[in-house]
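The exercises below concern one protein structure. Please keep the sequence and the model at hand while working through them.

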Amino acid sequence: MEISRSVETRHVADPWPGYFAGRGHPEARRIGAGVEGVVYGLGAGRVAKVWTGRPPTELTRRVYADIAAHGLPFATPEILDVQEHQGTVVTYERELPGLPMRGDSAHEEYERELPVRHKNTLLAVLRALTSVPGTDAMRRLTVQGDDRPLWQGHDRFQDALAALVARAAARHGAALAARVPGFDAGVERTLNALRSLPDAPVTAIHGDLVPPNIHVDATGRPVAVLDFGFYTTAGDPAFEAAVTAAVCDMYGPHAQEHTAELTRLFAQELGYSPAALTTYQAAYALTTYDLFGLDDSDGHFRWCAGQLRRNPVFGPA
């Protein structure tokens with residue numbers, strides 16, 4: 001960004017390492033940032049998260065505990081303490097092992113051929129999460145951008161998701177309709193497809209299994225899954241697979257090929273209906289398109305519009 005020469009430029013120091021040092025953590029350093037906040041390593045197996053987005057609640061801690069209770073083959077978040085500083089929520093959590101599976105596709109160009117080890121890692125995480133049953137606490141969560149528990153007033157995930165699609169389309173659908181031909185008819189087709197999906201097991205849904213949220217060891221084995229909360233709920237595990245296939249590579253030059261490849265792979269290896277996967281991918285785009293911006297200057301908005309233009313469930317037969 002160009003700055004006027006008449007304005008003196010000052011470096012604004014990050015105040016949080018000093019804040020944590022004053023509370024007994026002199027080695028505190030920033031180690032990452034995501035949609036919901038900034039993470040600082042504190043040493044001694046602990047991290048702190050400074051929440052800039054929607055902060056966690058006691059319900060969040062219950063969901064974390066519900067997930068951890070099922071002996072997954074990888075670590076998941078655990079909140080040890082919650083504090084507040086000048087109106088900002090800070091959580092203290094255990095540090096999770098491993099390193100990100102790979103960088104975000106917005107900052108790292110993915111090769112045309114997805115490595116087999118990465119596909120195997122995704123399959124291992126998806127299979128493991130299906131072993132965690134959906135709980136009441138998970139059903140009571142809201143997803144980003146909405147103001148009510150996803151399952152409120154519904155007994156089936158598919159119907160709850162359809163209601164969310166309808167609410168999200170009503171929020172700022174005109175902005176998306178300007179870039180997606182046949183928007184209203186596409187929304188209606190998606191709603192009908194969701195309501196027509198058969199009942200399915202209800203398991204824990206992470207909802208944002210992008211590669212940086214999966215940590216692996218030196219062999220590529222998943223050792224931690226982090227950043228629950230963006231779209232965490234209880235639901236059909238096929239929804240998790242569908243979203244994971246779509247968001248693994250969102251912005252790279254081979255993104256469309258990778259989404260199609262992973263969608264086919266998950267359908268084959270996990271036994272999910274291809275029609276269900278594409279239906280859920282349309283629903284995801286329709287419920288997250290406006291979370292960061294409402295025009296083509298926002299990468300996620302552009303991505304959602306592109307997903308819908310190509311989606312065979314959303315588009316005309």
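Six exercises follow, each with a worked solution.

This is a predicted model, in which local features need pLDDT of at least 70 and side-chain atom pairs count only at pLDDT 80 or more, whereas totals for chains, interfaces and linings use all residues. Residues are numbered from 1 along each chain as its sequence is written, and side-chain values use heavy atoms, with hydrogens and water left out.

**Exercise 1. Determine the strand order of the five-stranded sheet and identify its edge strands.**

Solution. Helices (H or I, at least four residues) and strands (E, at least two) are DSSP runs numbered from the N terminus, and two strands pair if DSSP finds at least two bridges between them.
- Step 1. The open sheet runs in the order E1-E2-E3-E5-E4, with antiparallel pairing.
- Step 2. Strand E1 (29–33) and strand E4 (79–85) are the edges, since each pairs on one side only.
- Step 3. From one strand to the next, the twist averages 25°; the axes behind such angles are lines fitted to C-alpha atoms, for helices over the stretch in contact, and angles run from 0 to 180 degrees between N-to-C directions.
- Step 4. Within the sheet, strand E3 (residues 46–51) and strand E5 (residues 88–94) are joined in the antiparallel sense over 5 bridges. Arg-46 has Arg-94 in E5 as its bridge partner.

**Exercise 2. Describe the three-stranded sheet and state which of its strands stand at the edges.**

Solution.
- Step 1. This open, antiparallel sheet has the order E6-E8-E9.
- Step 2. Strand E6 (99–100) and strand E9 (222–225) each have a single partner strand, so one side of each is left without a neighbour in the sheet.
- Step 3. E6 pairs with strand E8 (residues 214–216) over 2 bridges, and the bridge partner of Pro-100 in E8 is His-215.

**Exercise 3. Characterise the nonpolar cores and the contacts of Phe-266.**

Solution. A nonpolar core is a set of buried Ala, Val, Leu, Ile, Met, Phe, Trp, Tyr and Cys residues joined through side-chain atoms within 4.5 Å. Buried means under 20% relative accessible area, exposed over 50%, and partly exposed in between (1.4 Å probe, protein chains only).
- Step 1. The largest core has 80 residues, and those with the most contacts inside it are Leu-161, Leu-176, Phe-239, Phe-266 and Tyr-280.
- Step 2. With 10 residues, helix H5 (residues 157–177) gives the most to this core.
- Step 3. A second, separate core of 11 residues includes Trp-16, Val-38, Leu-42 and Val-50.
- Step 4. Contact means heavy atoms within 4.5 Å. Leaving out residues up to four places away in sequence, Phe-266 touches several residues, among them Leu-122, Leu-126, Ala-241 and Tyr-272.

**Exercise 4. Analyse the pair formed by Phe-239 and Tyr-280, and the burial of helix H7.**

Solution. Rings of Phe, Tyr and Trp (its six-membered ring) pair if their centres lie within 6.5 Å; planes under 30 degrees apart count as stacked, over 60 as edge-to-face and the rest as tilted.
- Step 1. Among 16 aromatic pairs in the structure, Phe-239 and Tyr-280 form an edge-to-face pair at 5.5 Å centre to centre, with 85° between the planes.
- Step 2. Phe-239 lies in helix H7 (residues 237–247) and Tyr-280 in helix H9 (residues 274–288), so the pair ties together parts that are 41 residues apart in sequence.
- Step 3. Phe-239 is buried, at 0% relative accessible area, and Tyr-280 is buried, at 0%.
- Step 4. One aromatic cluster contains Trp-151, Phe-157, Tyr-231, Phe-239, Tyr-280, Tyr-284 and Trp-303.
- Step 5. In H7, 11 of its 11 residues are buried.

**Exercise 5. Is Thr-135 buried or exposed, and what does its side chain contact?**

Solution.
- Step 1. Thr-135 is located in the loop between helix H3 (116–129) and helix H4 (136–139).
- Step 2. Thr-135 counts as buried because its relative accessibility is 17%.
- Step 3. Its side chain makes a polar contact with the side chain of Asp-66 at 2.8 Å. A polar contact is a pair of N or O atoms within 3.5 Å; within protein, one must be able to donate a hydrogen and the other to accept it, and residues adjacent in sequence count only if both atoms are side-chain atoms.

**Exercise 6. What sign does phi have at Ala-44, and where does Ala-44 lie?**

Solution.
- Step 1. Most residues other than glycine have a negative phi.
- Step 2. Ala-44 has a positive phi of about 55° although it is not a glycine.
- Step 3. Ala-44 lies in the loop between strand E2 (37–43) and E3, and is exposed, with a relative accessible area of 79%.
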